[in-house]
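Here is a short tour for you, with the sequence and model side by side. Let us start with how strands are said to pair, and then walk through a few elements.

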Amino acid sequence: DLHRVDRRQRQMCIRDRNNMTQDFNIQEYMTKGVERVVADAIRATLKNPKESAFMAKFAVASKAASKKRAAKEENGEHVPPFLIASITSACNLHCAGCYSRCNSATEDSEPVNQLTDDEWKNIFDEADDLGVSFILLAGGEPLLRKGVIEAAAKKPSILFPIFTNGTYMTEKYFEDFDKNRNLVPIMSIEGEKEATDHRRGEGVYDKLISNMDELKKRGIIFGASVTVTTENIKEVSSESFISMLSEKGCKAIIFVEFVPVDEGSEHLAPDDEDREYLKGEIMRLRKEHEEMVFVSFPGDEKTSGGCIAAGRGFFHINSHGGAEPCPFSPYSDINVRDTSLREAMKSKLFLDLQAGDVLMDDHKGGCVLYEKRKQVEELL
């Protein structure tokens with residue numbers, strides 16, 4: 001009873017602060033964000049009848065999910081539209097500066113005690129019931145979990161971007177992506193051949209280009225995930241690089257700012273000037289390349305109501321079931337094995353972060369939860 005009272009008080013605190021900040025409404029902000037991404041995706045697939053037909057159906061499902069979330073919001077319960085699911089901690093690559101390996105969340109050996117295929121299926125089912133529209137499948141390398149990918153394929157009302165290094169793309173996966181249009185491969189690329197192979201390993205770039213050619217031949221939409229550093233920011237936002245991806249059939253580019261989780265890599269993290277440059281380039285690209293969707297993460301948190309992690313806009317489930325604020329903030333006080341997804345969204349850590357100042361706090365830019373990790377540890 002005391003726990004419920006304590007949780008209710010924190011929820012009231014969150015609602016009170018949201019009411020005081022009338023110029024920013026997290027539910028409205030996230031709903032508009034989802035609608036923009038969906039609208040951009042429909043426009044980007046107009047010349048692909050099969051893909052366009054799926055996106056039109058997904059737009060209807062997305063609106064229905066938004067109504068579910070809005071109804072819960074009216075009753076004082078906030079459900080984020082996004083979920084990030086790291087479905088495995090195994091990976092075959094050793095990318096330079098990988099946050100997941102630096103956090104010991106990724107390994108070479110066969111992982112033990114990971115969530116089973118059925119446990120992930122149950123999570124997807126509950127997410128669908130709650131009104132979650134997007135579940136980003138990550139890892140490690142998510143294509144190592146064929147059973148989980150198959151479970152995701154059976155939830156057409158949820159879009160599953162699959163963040164993959166591309167090295168496990170097989171004929172079977174090409175067939176699955178063709179048959180199940182809610183599965184969208186998002187391949188990690190660092191720029192041109194030299195930059196990609198330098199960070200990811202020799203031969204990776206050529207494999208990615210081969211995958212793109214095959215996906216385009218089959219009329220399957222795909223995206224690219226780009227880790228933005230001070231070294232590649234000009235290259236990955238250049239017209240030549242974007243045009244190359246567009247010609248290959250790429251329909252979405254997710255720019256992810258590099259987070260320096262190991263010593264000696266701080267110089268690679270974009271600063272405010274870099275962030276402003278990227279923001280301007282993305283605005284330009286959205287106008288000049290309407291056939292593509294552009295997303296930036298974390299984007300400019302300072303002017304968008306703060307960090308949207310910890311359940312405000314999304315949260316992260318690691319491969320062992322721990323519910324975390326974000327992949328860059330690997331702290332958890334609750335496990336979906338022991339409770340429902342709905343209860344995990346209301347974890348004490350999440351509610352404390354939402355009610356406190358960390359997510360809204362002034363910071364250097366980039367990932368506030370990583371920069372303020374000591375404060376997050378204290379809350380935990």
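## Strand pairing

Two strands count as paired if DSSP finds at least two bridges between them. In this predicted model, strand 3 (residues 160-164) and strand 4 (residues 183-188) are linked by five bridges and pair in the parallel sense. One of the contacts to look for is Phe 160, whose bridge partner in strand 4 is Leu 183.

Helix 7 (residues 171-179) joins the picture here: together with strand 3 and strand 4, helix 7 makes a right-handed β-α-β unit.

## Strand 3 up close

Is strand 3 mostly covered or mostly open? Mostly covered: five of its five residues are buried. Phe 160, Ile 162 and Thr 164 point one way from the strand, while Pro 161 and Phe 163 point the other way, and all are buried.

## Helix 14

Further along the chain, helix 14 spans residues 348-355 and is mostly covered too, with seven of its eight residues buried. The buried residues are Leu 349, Phe 350, Leu 351, Asp 352, Leu 353, Gln 354 and Ala 355.

An α-helix has 3.6 residues a turn, so residues three or four places apart point the same way.

## Cysteines

How many disulfides does the structure hold? The count is zero. Two cysteines are worth a look for their surroundings: Cys 250 has a relative accessible area of 1%, and Cys 326 has a relative accessible area of 3%. Buried means under 20% relative accessible area, so Cys 250 is buried and Cys 326 is buried.

Methods: Residues are numbered from 1 along each chain as its sequence is written. This is a predicted model: local features need pLDDT of at least 70, side-chain atom pairs count only at pLDDT 80 or more; totals for chains, interfaces and linings use all residues. Side-chain values use heavy atoms; hydrogens and water are left out. Buried means under 20% relative accessible area, exposed over 50%, partly exposed in between (1.4 Å probe, protein chains only). Helices (H or I, at least four residues) and strands (E, at least two) are DSSP runs, numbered from the N terminus. A crossover is right-handed if, with the strands pointing away from the viewer, the path from the first strand over the helix to the second runs clockwise. A disulfide is a pair of cysteine sulfur atoms within 2.5 Å.
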